[in-house]
Amino acid sequence: MSLIAALDPPEGVDGVGWCVNLISSLGNVPKGFKVGLPLVVREGVRGLKDVVSVMSAELVIADLKLADIGYVMSLVTKAVASAGVNTVIAHAFVGTEGALSELSRTCSELGIKLVLVAFMSHPGAGRVMKKAFSDLLSIVKEVGAWGAVLPATMPEVVRAGREYLGSSVKIMAPGVGAQGAEPGDALCAGADYEIVGRLITRAEDPLKAAVEVVRKQGERVRECRGL
Ligand code: XMP
(Lines give C-alpha, C1' and ligand atoms only; values in the text may rest on other atoms or scores of the structure.)
Protein backbone atom coordinates (compact mmCIF):
# COMPACT_ATOMS: atom_id res chain seq x y z
CA MET A 1 0.00 0.00 0.00
CA SER A 2 2.18 2.81 -1.27
CA LEU A 3 -0.27 4.95 -3.17
CA ILE A 4 -1.26 8.47 -2.18
CA ALA A 5 -3.99 9.97 -4.34
CA ALA A 6 -3.64 13.69 -5.06
CA LEU A 7 -7.04 15.36 -5.35
CA ASP A 8 -6.75 18.66 -7.23
CA PRO A 9 -10.22 19.63 -8.45
CA PRO A 10 -10.13 21.02 -12.00
CA GLU A 11 -11.76 24.32 -12.98
CA GLY A 12 -15.51 24.50 -13.22
CA VAL A 13 -16.40 21.76 -10.75
CA ASP A 14 -17.67 21.92 -7.20
CA GLY A 15 -14.38 21.21 -5.43
CA VAL A 16 -15.88 19.54 -2.38
CA GLY A 17 -18.29 17.36 -4.37
CA TRP A 18 -15.56 16.36 -6.82
CA CYS A 19 -13.20 15.29 -3.99
CA VAL A 20 -15.93 13.49 -2.03
CA ASN A 21 -16.95 11.50 -5.13
CA LEU A 22 -13.37 10.44 -5.77
CA ILE A 23 -12.76 9.50 -2.14
CA SER A 24 -15.83 7.29 -2.12
CA SER A 25 -14.93 5.76 -5.53
CA LEU A 26 -11.35 4.98 -4.53
CA GLY A 27 -12.27 3.42 -1.18
CA ASN A 28 -9.29 2.00 0.65
CA VAL A 29 -7.06 1.53 -2.41
CA PRO A 30 -4.90 4.58 -1.57
CA LYS A 31 -2.98 4.64 1.70
CA GLY A 32 -3.61 8.37 1.86
CA PHE A 33 -5.19 11.37 0.18
CA LYS A 34 -3.46 14.66 -0.52
CA VAL A 35 -5.36 17.89 -1.05
CA GLY A 36 -3.86 21.29 -1.65
CA LEU A 37 -4.38 24.84 -2.80
CA PRO A 38 -6.76 24.02 -5.70
CA LEU A 39 -9.26 22.79 -3.09
CA VAL A 40 -8.47 25.05 -0.12
CA VAL A 41 -8.31 28.36 -2.03
CA ARG A 42 -11.72 27.72 -3.56
CA GLU A 43 -13.51 26.00 -0.71
CA GLY A 44 -11.72 27.21 2.42
CA VAL A 45 -11.10 25.32 5.63
CA ARG A 46 -14.83 24.58 5.88
CA GLY A 47 -14.74 22.83 2.51
CA LEU A 48 -11.56 21.04 3.51
CA LYS A 49 -13.32 19.78 6.64
CA ASP A 50 -16.21 18.42 4.57
CA VAL A 51 -13.74 16.58 2.35
CA VAL A 52 -11.64 15.23 5.22
CA SER A 53 -14.76 14.04 7.05
CA VAL A 54 -15.35 11.34 4.42
CA MET A 55 -11.72 10.08 4.40
CA SER A 56 -10.80 6.97 6.34
CA ALA A 57 -7.28 6.63 4.93
CA GLU A 58 -4.28 6.65 7.27
CA LEU A 59 -2.66 9.74 5.74
CA VAL A 60 -4.71 12.90 5.28
CA ILE A 61 -2.31 15.39 3.79
CA ALA A 62 -2.62 19.16 3.31
CA ASP A 63 -0.13 20.08 0.62
CA LEU A 64 0.02 23.87 0.89
CA LYS A 65 3.80 23.84 0.37
CA LEU A 66 4.23 26.21 3.28
CA ALA A 67 7.16 28.60 2.86
CA ASP A 68 6.96 31.43 5.38
CA ILE A 69 8.06 32.45 8.85
CA GLY A 70 7.33 29.94 11.61
CA TYR A 71 4.52 32.02 13.10
CA VAL A 72 2.54 32.13 9.86
CA MET A 73 3.17 28.48 8.94
CA SER A 74 1.99 27.51 12.43
CA LEU A 75 -1.22 29.55 12.05
CA VAL A 76 -1.99 27.83 8.75
CA THR A 77 -1.17 24.41 10.18
CA LYS A 78 -3.50 24.97 13.15
CA ALA A 79 -6.28 25.90 10.70
CA VAL A 80 -5.89 22.77 8.57
CA ALA A 81 -5.44 20.59 11.67
CA SER A 82 -8.82 21.86 12.88
CA ALA A 83 -10.27 20.41 9.66
CA GLY A 84 -8.90 16.96 10.52
CA VAL A 85 -5.71 16.89 8.44
CA ASN A 86 -2.91 14.80 10.01
CA THR A 87 0.03 15.63 7.73
CA VAL A 88 1.30 18.94 6.31
CA ILE A 89 3.85 19.67 3.60
CA ALA A 90 6.24 22.63 3.87
CA HIS A 91 9.30 23.68 1.89
CA ALA A 92 12.69 22.80 3.41
CA PHE A 93 14.34 25.82 1.79
CA VAL A 94 12.96 28.27 4.35
CA GLY A 95 15.43 26.86 6.89
CA THR A 96 15.19 26.14 10.57
CA GLU A 97 15.62 29.18 12.84
CA GLY A 98 12.50 31.34 12.84
CA ALA A 99 10.76 29.00 10.45
CA LEU A 100 10.78 25.19 10.44
CA SER A 101 11.87 24.70 14.04
CA GLU A 102 8.77 26.62 15.14
CA LEU A 103 6.55 24.78 12.67
CA SER A 104 8.00 21.47 13.84
CA ARG A 105 7.11 22.35 17.45
CA THR A 106 3.56 23.26 16.44
CA CYS A 107 3.22 19.99 14.55
CA SER A 108 4.44 17.98 17.56
CA GLU A 109 1.96 19.77 19.83
CA LEU A 110 -0.89 19.04 17.41
CA GLY A 111 0.18 15.47 16.59
CA ILE A 112 0.67 16.42 12.94
CA LYS A 113 3.25 14.76 10.68
CA LEU A 114 5.58 17.26 9.02
CA VAL A 115 6.81 16.52 5.50
CA LEU A 116 9.40 18.76 3.83
CA VAL A 117 9.96 19.30 0.12
CA ALA A 118 13.64 18.64 -0.57
CA PHE A 119 13.49 18.50 -4.39
CA MET A 120 10.57 19.04 -6.78
CA SER A 121 9.44 16.87 -9.65
CA HIS A 122 9.08 19.33 -12.54
CA PRO A 123 11.86 19.87 -15.11
CA GLY A 124 12.82 23.34 -13.86
CA ALA A 125 13.31 22.15 -10.27
CA GLY A 126 16.98 21.34 -10.74
CA ARG A 127 18.09 24.89 -11.51
CA VAL A 128 18.11 25.93 -7.87
CA MET A 129 17.43 22.72 -5.97
CA LYS A 130 20.35 20.76 -7.43
CA LYS A 131 22.84 23.19 -5.91
CA ALA A 132 20.97 23.28 -2.62
CA PHE A 133 20.12 19.57 -2.39
CA SER A 134 22.54 18.55 0.36
CA ASP A 135 21.51 21.57 2.47
CA LEU A 136 17.84 20.77 1.94
CA LEU A 137 18.38 17.17 3.05
CA SER A 138 20.33 18.29 6.10
CA ILE A 139 17.43 20.62 7.02
CA VAL A 140 15.02 17.65 6.79
CA LYS A 141 17.24 15.78 9.27
CA GLU A 142 17.86 18.73 11.55
CA VAL A 143 14.15 19.52 11.85
CA GLY A 144 13.37 15.87 12.57
CA ALA A 145 10.70 15.87 9.87
CA TRP A 146 8.50 12.78 9.61
CA GLY A 147 8.95 12.73 5.85
CA ALA A 148 10.45 14.30 2.75
CA VAL A 149 9.12 14.90 -0.75
CA LEU A 150 11.49 13.78 -3.51
CA PRO A 151 10.73 13.47 -7.24
CA ALA A 152 9.56 10.20 -8.82
CA THR A 153 10.66 11.79 -12.10
CA MET A 154 14.30 11.66 -10.89
CA PRO A 155 14.89 8.25 -9.26
CA GLU A 156 18.57 9.07 -8.74
CA VAL A 157 17.53 11.98 -6.50
CA VAL A 158 15.23 9.66 -4.52
CA ARG A 159 18.11 7.18 -4.17
CA ALA A 160 20.48 9.89 -2.91
CA GLY A 161 17.84 11.13 -0.49
CA ARG A 162 17.23 7.67 0.90
CA GLU A 163 20.96 7.11 1.37
CA TYR A 164 21.36 10.39 3.25
CA LEU A 165 18.17 10.25 5.31
CA GLY A 166 18.32 6.59 6.30
CA SER A 167 15.24 4.47 6.90
CA SER A 168 13.54 6.52 9.61
CA VAL A 169 12.33 9.33 7.32
CA LYS A 170 9.41 8.53 5.00
CA ILE A 171 9.85 9.52 1.37
CA MET A 172 6.86 10.61 -0.73
CA ALA A 173 7.42 10.88 -4.46
CA PRO A 174 5.13 12.81 -6.83
CA GLY A 175 5.50 12.82 -10.61
CA VAL A 176 3.97 9.49 -11.58
CA GLY A 177 1.75 9.46 -14.67
CA ALA A 178 1.06 13.00 -15.92
CA GLN A 179 4.65 14.11 -15.17
CA GLY A 180 6.21 11.03 -16.77
CA ALA A 181 7.41 8.60 -14.08
CA GLU A 182 6.08 5.04 -14.13
CA PRO A 183 4.40 3.48 -11.08
CA GLY A 184 7.06 1.77 -8.97
CA ASP A 185 10.06 3.75 -10.30
CA ALA A 186 10.39 5.80 -7.10
CA LEU A 187 9.58 2.84 -4.84
CA CYS A 188 12.47 0.95 -6.45
CA ALA A 189 14.70 3.96 -5.73
CA GLY A 190 13.77 3.94 -2.04
CA ALA A 191 10.51 5.91 -1.71
CA ASP A 192 7.80 4.74 0.69
CA TYR A 193 4.89 6.30 -1.19
CA GLU A 194 4.12 7.50 -4.69
CA ILE A 195 1.76 10.47 -5.05
CA VAL A 196 -0.48 10.15 -8.10
CA GLY A 197 -2.99 12.74 -9.26
CA ARG A 198 -4.30 13.13 -12.78
CA LEU A 199 -3.49 9.58 -13.93
CA ILE A 200 -6.21 8.52 -11.50
CA THR A 201 -8.48 11.53 -11.10
CA ARG A 202 -8.85 12.23 -14.83
CA ALA A 203 -9.36 8.57 -15.75
CA GLU A 204 -12.78 7.48 -16.98
CA ASP A 205 -12.80 4.92 -14.17
CA PRO A 206 -10.64 6.29 -11.30
CA LEU A 207 -10.93 3.14 -9.18
CA LYS A 208 -9.76 0.95 -12.07
CA ALA A 209 -6.87 3.38 -12.71
CA ALA A 210 -5.84 3.34 -9.02
CA VAL A 211 -5.98 -0.46 -8.85
CA GLU A 212 -3.84 -0.58 -12.00
CA VAL A 213 -1.27 1.78 -10.44
CA VAL A 214 -1.04 -0.45 -7.37
CA ARG A 215 -0.72 -3.56 -9.56
CA LYS A 216 2.09 -1.94 -11.58
CA GLN A 217 3.85 -0.78 -8.39
CA GLY A 218 3.83 -4.36 -7.09
CA GLU A 219 5.05 -5.78 -10.38
CA ARG A 220 7.88 -3.25 -10.68
CA VAL A 221 8.97 -3.63 -7.04
CA ARG A 222 9.08 -7.44 -7.33
CA GLU A 223 11.15 -7.03 -10.49
CA CYS A 224 13.67 -4.53 -9.04
CA ARG A 225 14.05 -6.48 -5.79
CA GLY A 226 14.51 -9.72 -7.73
CA LEU A 227 11.52 -11.41 -6.02
P1 XMP B 1 -0.15 14.80 -10.88
O2 XMP B 1 -1.49 15.11 -11.42
O3 XMP B 1 0.98 15.43 -11.64
O4 XMP B 1 -0.17 15.51 -9.43
O5 XMP B 1 0.08 13.33 -10.61
C6 XMP B 1 0.94 15.56 -8.62
C7 XMP B 1 0.56 16.10 -7.29
O8 XMP B 1 1.73 16.20 -6.50
C9 XMP B 1 2.05 17.54 -6.23
N10 XMP B 1 3.43 17.70 -6.60
C11 XMP B 1 4.39 17.97 -5.74
N12 XMP B 1 4.34 18.16 -4.43
N13 XMP B 1 6.68 18.46 -4.43
C14 XMP B 1 5.48 18.42 -3.78
O15 XMP B 1 5.46 18.64 -2.56
C16 XMP B 1 6.78 18.25 -5.76
O17 XMP B 1 7.85 18.25 -6.32
C18 XMP B 1 5.57 18.02 -6.44
N19 XMP B 1 5.32 17.75 -7.72
C20 XMP B 1 3.98 17.56 -7.78
C21 XMP B 1 1.14 18.43 -7.04
O22 XMP B 1 0.78 19.55 -6.28
C23 XMP B 1 -0.02 17.51 -7.32
O24 XMP B 1 -0.98 17.58 -6.28
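Which residue forms a salt bridge with glutamate 212? The partner is arginine 215, and the closest N and O atoms are 2.9 Å apart; a salt bridge here is a side-chain nitrogen of Lys or Arg within 4 Å of a carboxyl oxygen of Asp or Glu. The model is a predicted one, so local features need pLDDT of at least 70 and side-chain atom pairs count only at pLDDT 80 or more, while totals for chains, interfaces and linings use all residues. Residues are numbered from 1 along each chain as its sequence is written, and side-chain values use heavy atoms, with hydrogens and water left out.

Back to the salt bridges. A search of the whole structure turns up eight of them. Glutamate 212 and arginine 215 sit three residues apart in helix α9 (residues 206-224), so about one helical turn separates them. Helices (H or I, at least four residues) and strands (E, at least two) are DSSP runs, numbered from the N terminus. An α-helix has 3.6 residues a turn, so residues three or four places apart point the same way. Glutamate 212 is partly exposed at 31% relative accessible area, and arginine 215 is partly exposed at 40%; the cut-offs are under 20% for buried and over 50% for exposed, with partly exposed in between (1.4 Å probe, protein chains only). Helix α9 also holds glutamate 223 and arginine 220, again three residues apart, whose side chains meet in a salt bridge at 3.7 Å, N to O. Here glutamate 223 is exposed at 57%, whereas arginine 220 is partly exposed at 26%.

Elsewhere, salt bridges link Lys34, Asp63 and Lys65 in a network. Within this network, lysine 65 and aspartate 63 come to 2.9 Å, N to O. Aspartate 63 is buried, with a relative accessible area of 7%, but lysine 65 is partly exposed at 31%.

As for rings, the whole structure yields one aromatic pair. Phenylalanine 119 and phenylalanine 133 meet edge-to-face, 5.3 Å centre to centre with 85° between the planes. Rings of Phe, Tyr and Trp (its six-membered ring) pair if their centres lie within 6.5 Å; planes under 30 degrees apart count as stacked, over 60 as edge-to-face and the rest as tilted. Phenylalanine 119 is in the loop between β5 (113-117) and α5 (126-143) and phenylalanine 133 is in helix α5, so the pair ties together parts 14 residues apart in sequence. Both of these phenylalanines are buried. Two lysines also lie over ring faces: lysine 113 over tryptophan 146, at 5.6 Å from the ring centre, and lysine 141 over tyrosine 164, at 4.5 Å. For this, NZ of Lys or CZ of Arg has to be within 6 Å of the ring centre and within 35 degrees of the ring normal.

Helix α4 (residues 96-110) has several buried residues, among them Leu100, Leu103 and Cys107. The buried residues of α4 pack against β3, α3, β4 (87-91), β5 and α5. Just after α4, glycine 111 takes a positive phi of about 70°. Glycine 111 turns up again among the contacts (heavy atoms within 4.5 Å) of asparagine 86, which, leaving aside neighbours within four places in sequence, also include Glu58, Leu59, Val60, Ile112 and Lys113. Asparagine 86 lies in the loop between α3 and β4 and is buried, with a relative accessible area of 19%. Its C-alpha atom is 8.0 Å from that of alanine 62, 24 residues away along the chain.
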